[in-house]
Amino acid sequence: MKNQLFLLLLFLAIGICWAQTPTKLQFNKPAEFFEETLVLGNGKIGASIFGGVNSDKLFLNDITLWAGEPVDANINPEAYKNLPAIREALKSENYKLADSLNKKLQGKFSESYAPLGTLFIHVQHKGAAKKYSRELDLSQATSKISYEVDGVLFTREYFISHPDQVMAIELTSGKKGALTFELELNSLLKFETTTDLYRLHMNGYAPLHADPSYLGDTPNAIVFDASKGTRFTASAAIKNYDGEVYETAHAIGVKDATEATVYVSIATSFNGFDKNPATEGLDNKEIAFRKLTSGVQKGFDELKKAHVADYQAYFNRVNLSLGETTAPQLPTDERLKRYAMGKEDKNLEVLYFNYGRYLLISSSRTPDVPANLQGLWNPHMRPPWSSNYTININAEENYWLAENTNLSEIHAPLLTFIKNVAQTGQVTAKTFYGTRGWAAGHNSDIWAMSNPVGNFGKGDPSWANWNMGGVWLSTHLWEHYTFSLDIDWLKKEAYPAMKGAAQFCLDWLVEDKNGNLITSPSTSPENLYVSRQGYVGATMYGGTADLAMIRELFLQTMAASKVLNTDSEFRSEIEKALAKLYPYQIGKKGNLQEWYFDWEDMDPKHRHQSHLFGLYPGHHVTPSSTPDLAKASRKTLEIKGDETTGWSKGWRINLWARLWDGNHAYKMIRELLKYVPPDEMKTDYQRGGGTYPNLFDAHPPFQIDGNFGGAAAFAEMLVQSSENEIRLLPALPDAWPTGEVKGICARGGFEITMKWVNKSIVKTTLSSKNGGTTTLIYRGVTKQITLRPNEIKAIEW
């Protein structure tokens with residue numbers, strides 16, 4: 001009796017702790033929609049798990065499986081010859097003609113990220129399931145389900161190992177011989193399945209081309225060519241401990257077992273952005289065979305031990321607590337619904353932050369292949385916006401939390417991808433714009449496409465013709481250096497790309513009638529103006545967003561050349577151009593103008609706020625150094641309001657944090673966590689963004705950038721930094737009076753641990769691997785701190 005009472009109390013204690021933990025997503029039923037699945041990933045292989053009882057379904061992805069093949073960057077070799085006519089139309093204020101002519105500066109669409117397939121686990125049960133539970137444990141990157149059938153407990157545990165590049169699923173039953181299941185593989189791509197030696201194989205290939213879904217039902221929207229495209233293999237094996245393993249022509253299974261483990265390996269022939277995957281590709285079949293064989297030999301426990309150790313080396317670097325919570329024990333979707341009613345749930349907020357870091361670790365560990373619009377997890381043949389790299393905000397937003405939340409190495413896939421885009425971008429700069437350096441447009445893909453999109457004149461210039469993608473991407477190179485202080489990397493990898501982007505800007509700038517340097521033609525991402533004459537258009541000159549990004553890049557490139565003590569003449573050229581840039585303008589409403597003139601937006605509440613780039617993610621607009629511009633930025637945000645898409649909310653939260661308005665930032669965090677029912681691919685700009693049951697960001701539909709932007713904002717509210725100073729609790733909201741954070745990073749190579757009570761810091765420690773000097777700022781008090789390499793120093797306030 002004592003033992004039974006002890007076990008009951010232990011179960012209750014574990015249950016309370018489990019429900020309150022900020023590192024678990026929990027549900028009491030299987031997923032019905034993709035936006036309810038629990039996702040796993042090792043940075044290359046991904047799985048979206050439904051957790052069904054009689055038939056479990058796992059959508060499978062490989063981040064290197066895309067439509068297409070290496071891009072021909074020279075697709076519109078004489079496009080630049082249209083520039084004089086466009087500029088003349090703008091000079092004559094003929095904006096309608098400029099819009100029309102600007103379409104001549106367009107190229108092809110990007111390729112699409114492809115779904116690999118679906119793994120089915122068909123389980124033989126006679127009775128109905130009871131006591132169902134499904135969870136994702138962010139602390140270990142594992143997922144589990146459990147349920148009872150006829151009084152017998154059944155469990156499944158899933159993980160995807162980065163060290164061993166294999167997925168493992170352990171199935172158990174509480175009764176000897178009660179476990180019988182069968183595996184099946186299927187795909188939307190061209191494929192065939194075979195079995196041999198009790199292993200199941202699926203081999204196939206991706207399309208040569210897939211049209212963006214927003215084009216609608218177009219002819220030949222998906223084109224397959226058996227001799228072209230990326231090849232893929234998915235292989236599965238079952239390790240049984242009792243019972244009998246069997247195979248059929250297209251399935252494998254096990255009968256009458258008590259416990260069994262499923263191993264799945266996935267590989268593609270992708271061998272680099274400039275290698276033909278069909279003729280120069282990797283041997284996907286051999287790689288999948290080798291990884292599967294190794295995984296089976298090591299076994300579930302050994303694989304899991306290595307997987308958890310590898311994952312926790314990143315995840316455990318940061319720990320956030322926002323104090324005690326009184327929120328009740330509820331499944332995650334019910335917690336979201338309760339939270340939307342204005343109820344307190346601090347651990348849900350921390351869970352969202354932790355989930356963002358989890359998703360980035362899980363989707364960004366493949367060299368040259370960063371997390372895409374859906375991160376790693378895509379079930380659609382023509383996914384929303386091709387699940388590509390949308391580089392007018394979204395691809396960059398994916399990585400806003402990489403450096404400050406202590407995931408610097410996870411930034412690497414984007415940083416190496418930039419180097420690839422810079423190569424194709426040299427052709428784009430020359431052929432589309434007649435400049436030196438390199439440039440990139442609105443979209444890119446795994447093939448490092450850099451041309452402006454629009455299908456050669458069919459796209460609206462508001463989104464198709466934007467050409468500042470290389471400029472924005474290049475700012476990530478300097479960001480990585482300011483956190484890592486890796487001067488060798490800056491010299492060999494970052495600075496050449498930064499210089500190339502700056503060269504493009506120098507050649508692209510022209511003088512206005514007053515001698516100021518402007519861009520012409522110019523667009524502001526996806527937005528439209530209303531001219532004084534009432535014309536609604538996109539093409540103009542001297543757009544604030546262009547100039548804000550150029551300012552930031554110029555400042556960073558100059559700083560990099562000083563650090564490296566190189567290129568003094570080039571630095572002088574940048575400095576002179578920087579001084580001549582058309583200055584920011586404050587409009588009659590007190591807002592920061594988006595256009596050269598004080599024109600109205602067609603949609604005053606438009607989701608993009610690219611002209612605020614200097615405030616965030618840039619650094620040259622701040623409340624302390626440029627108070628008038630900061631005030632105008634605030635007015636712009638007030639005019640736009642808070643209701644917008646998911647990724648845009650993530651951006652605006654960071655902007656409010658940079659304005660040191662923690663309460664407004666927190667208000668928008670609550671709105672970002674607004675429950676959105678799962679609805680597959682429905683695009684709805686008007687409804688506004690929020691969060692799906694599995695905590696995926698709802699644009700809607702699902703885009704992962706809102707998860708990453710939202711998580712980054714938590715860190716930005718607690719710590720802000722430049723190369724020379726660190727601000728502590730610059731945007732702490734009233735809702736977080738007590739809390740603690742460990743491991744947040746700051747520019748200059750510093751790491752911070754901080755505890756606060758009643759909104760006052762009671763403990764701060766600062767450490768640095770490299771050593772250095774910075775100025776700490778808290779409530780107007782400044783302290784200059786110098787650390788030796790690897791020194792940890794407690795700071796008193």
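This tour goes from the whole chain to a handful of residues worth selecting one after another.

**The whole chain**

Begin with everything displayed, keeping in mind that this is a predicted model. The chain carries 18 helices and 36 strands, and its C-alpha trace spans about 85 × 65 × 50 Å along the principal axes. For 797 residues, a compact globule would have a radius of gyration near 28 Å, and the value of 27 Å found for the chain agrees with that. If you colour by accessibility, 63% of the 797 residues count as buried. Among contacts with a separation of 6 or more, 68% are accounted for by residues 24 or more positions apart.

Switch on the surface next: the chain exposes about 29100 Å², and carbon and sulfur atoms supply 51% of that area. Colouring by charge brings up 83 positive and 89 negative side chains, with the centres of the two sets lying 3 Å apart.

**Threonine 405**

Now select T405, in the loop that runs between α8 (394-397) and α9 (412-433). Because its relative accessibility is 0%, T405 counts as buried. Which residues does T405 touch, not counting those up to four places away in sequence? Show V318, F353, R357 and A715 as sticks, and you have these partners of T405 on screen. Then add L401, whose backbone oxygen lies 2.4 Å from a polar atom of the T405 side chain. For a sense of scale, draw a distance from the C-alpha atom of T405 to that of N465, which is 60 residues apart along the chain; the separation is 34 Å.

**Two cis peptide bonds**

Move on to P617, which sits in the loop between β26 (600-601) and α15 (627-640), and display the backbone leading into it: the peptide bond from Y616 to P617 is cis, with omega near 10°. Then select P701, found in the loop between β28 (697-698) and α18 (705-718), where the peptide bond from P700 to P701 is cis as well, with omega near 5°.

**Two residues with positive phi**

Finish with N220 and D256. The loop between β13 (209-210) and β14 (222-223) holds N220, a residue other than glycine whose phi is nonetheless positive, near 55°. Is N220 buried or exposed? With a relative accessible area of 62%, N220 is exposed. D256, by contrast in its setting, belongs to strand β17 (residues 252-257); its phi is near 55°, again a positive value in a residue other than glycine, and D256 is exposed, with a relative accessible area of 51%.

Methods:
Residues numbered from 1 in each chain as written. Predicted model: local features only at pLDDT ≥ 70, side-chain atom pairs only at ≥ 80, totals over all residues. Heavy atoms only, no water. Helix = DSSP H or I, 4+ residues; strand = E, 2+ residues; numbered from the N terminus. Buried < 20%, exposed > 50% of the residue type's maximum accessible area, 1.4 Å probe, protein only. Contact = heavy atoms within 4.5 Å. Polar contact = N/O pair within 3.5 Å; in protein donor to acceptor, adjacent residues only side chain to side chain. Rg over C-alpha atoms; globule rule 2.2 N^0.38 Å. Areas by Shrake-Rupley, 256 points an atom, 1.4 Å probe, with all protein chains shown as cover. Lys, Arg positive; Asp, Glu negative; His and termini not counted. Charge placed at Lys NZ, Arg CZ, Asp CG, Glu CD.
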